[in-house]
Amino acid sequence: MTGPLDRPRWTPDWRLSVAGQDITPRVRPVLVSLSVTDHLKADSDELELRLDWRDRAVAVPPRGAALRVALGWRETGLVDMPAFVVDEVQHGNEGQGLAMTIRGRAADLRGPLRAPRSRSFGAPTLGALVARVAADHGLTPVVAPDLAGVAVGHVDQAAESDLHLVTRHARAVGGAVKVADGRLVVARVGSGVTAATGRALPAEVVRHDEALTWWVTSQDRERAASVAAPRHDLDAGRAAWEVVLSDGAGPPVELRVTAAGPAQAVARADGTARETVRERDTLRLTLEGRPTLLAGGDLMLDGFGADADRRWAIQSVTHRLDAVGFRSEVEADTPAPAATPAGSVPRSPGAAAVPGWRVVETADGVAVVWAGDGGA
């Protein structure tokens, strides 16, 4: 897609259907605003419609009604957004007349997927766990290849929803969970794989002249020099720790939850090491509407300066259409490289490797504390 300096003024366009019926002609004259938010978090996607309801030209939709939206430009065509269902309707007097707001949430998040349940079962890998949960709810499992083989082992689910169960295991190893259009997707955060589809897409390039507003925030937050994850050592009959090293200089981190085996422990340590990088630099960007931007995809900035011209991992996108125009609001952060496995140690490595830092036991568990230049 070319930038605003390369083309004449384009015309925003959209399409809306409810329960399979195209109601665009009825809604177009009374539309005040339309927004679609796509987020890496499984339950954060939202559709919002604000209508001028003075003539009551549009009937109040029932809760649970299916909503489909497509956004784009008349000159280039529309892009279909994920399916939503009506979750909330507000209507009343707003001062200048009647108004109605319709909010929708991802269609596949209703029902038993979010209901607490208790059970125990075996799931040798994360891929197997996702496949089982997906089958229980009529969804298609899509798991990133580098996460599908991560060992899980025995699963104990106590008053926990299936969605939370998958999210808990995925987040521990650096994954994000998304439910959209009949798919249960687990993707690596920052991998350039869109959370909504599980497909890798080429990075979207944004030039400086395309940005309406932008902010880069850099925090003084060092990446952990190492992360240690405990695991069961069945041969020795005691715990062991898997350690991964990064290029950071921050204090080491020690995880508390014990993994079933070495592969799971390494995956958890690597996921934590990546997380300490992602939160360091963030980007907020607003540009003319680009409906192809998706959470989980990559963004490349061009012409913004040496500190900003690099790859960014999209965390959320809000596509907004109102009287101002059609624009996309992006939040992104720094993609993190994988950490380097350093092997196993028979006891807690603590933080003695970094002068001045040590690990101590507290009433709340393990804590990394500053002990001074000579403390180790």
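In this predicted model, four strands come together as an open sheet, running in the order β18-β16-β17-β23 with mixed pairing. The two edge positions go to β18 (253-254) and β23 (340-345), and each of these has just a single partner strand, so one side of each is left without a neighbour in the sheet. As a bit of background, the strands of a sheet are held in pairs through backbone hydrogen bonds, and the pairing can be either parallel or antiparallel. For β17, which covers residues 238-245, the pairing with β23 is antiparallel and takes in 5 bridges. Within this part of the sheet, leucine 245 sits opposite threonine 340 of β23.

Stepping back to the whole protein chain, there are 25 strands to go with 5 helices. The chain is 376 residues in length, and 48% of them count as buried. Among contacts with a separation of 6 or more, 63% link residues that are 24 or more positions apart. As for the outside, the protein chain exposes about 17600 Å², with 52% of that supplied by carbon and sulfur atoms.

Next comes the largest pocket, which holds about 1200 Å³ of space. Its lining is made up of 45 residues, and the closest to the centre are Thr167, Arg171, Ala172, Gly175 and Glu275. Several helices and strands chip in with at least two lining residues each. On the helix side these are α4 (162-172) and α5 (262-278). The strands that do so are β11 (151-161), β12 (175-180), β19 (281-288), β21 (311-322) and β22 (325-333). Sorted by kind, the lining of this pocket comes out as 16 nonpolar, 15 polar and 14 charged residues.

Then there is proline 82, which turns up in the loop between β6 (77-80) and β7 (84-93). Is this proline 82 buried or exposed? Its relative accessible area is 18%, and because buried means under 20%, proline 82 counts as buried. Setting aside neighbours within four places in sequence, the residues in contact with proline 82 are Arg68, Ala180 and Asp181. Glycine 182 can be added to the picture: its C-alpha atom is 9.8 Å from that of proline 82, although the two residues are 100 residues apart along the chain.

Notes
Residues are numbered from 1 along each chain as its sequence is written. This is a predicted model: local features need pLDDT of at least 70, side-chain atom pairs count only at pLDDT 80 or more; totals for chains, interfaces and linings use all residues. Side-chain values use heavy atoms; hydrogens and water are left out. On a 1 Å grid over the protein atoms alone, a cavity is a set of points where a 1.4 Å probe fits but cannot get out, and a pocket is an open set with protein on both sides within 12 Å along at least five of seven lines; lining residues have an atom within 4 Å of a point. Grid points are joined across faces, edges and corners, and a volume is the space filled by probe spheres set on the points. Ala, Val, Leu, Ile, Met, Phe, Trp, Tyr, Cys and Pro count as nonpolar, Asp, Glu, Lys and Arg as charged, and the others, Gly among them, as polar. Buried means under 20% relative accessible area, exposed over 50%, partly exposed in between (1.4 Å probe, protein chains only). Contact means heavy atoms within 4.5 Å. Accessible areas come from the Shrake-Rupley method with a 1.4 Å probe; for residues, only the protein chains shown count as cover. Two strands pair if DSSP finds at least two bridges between them.
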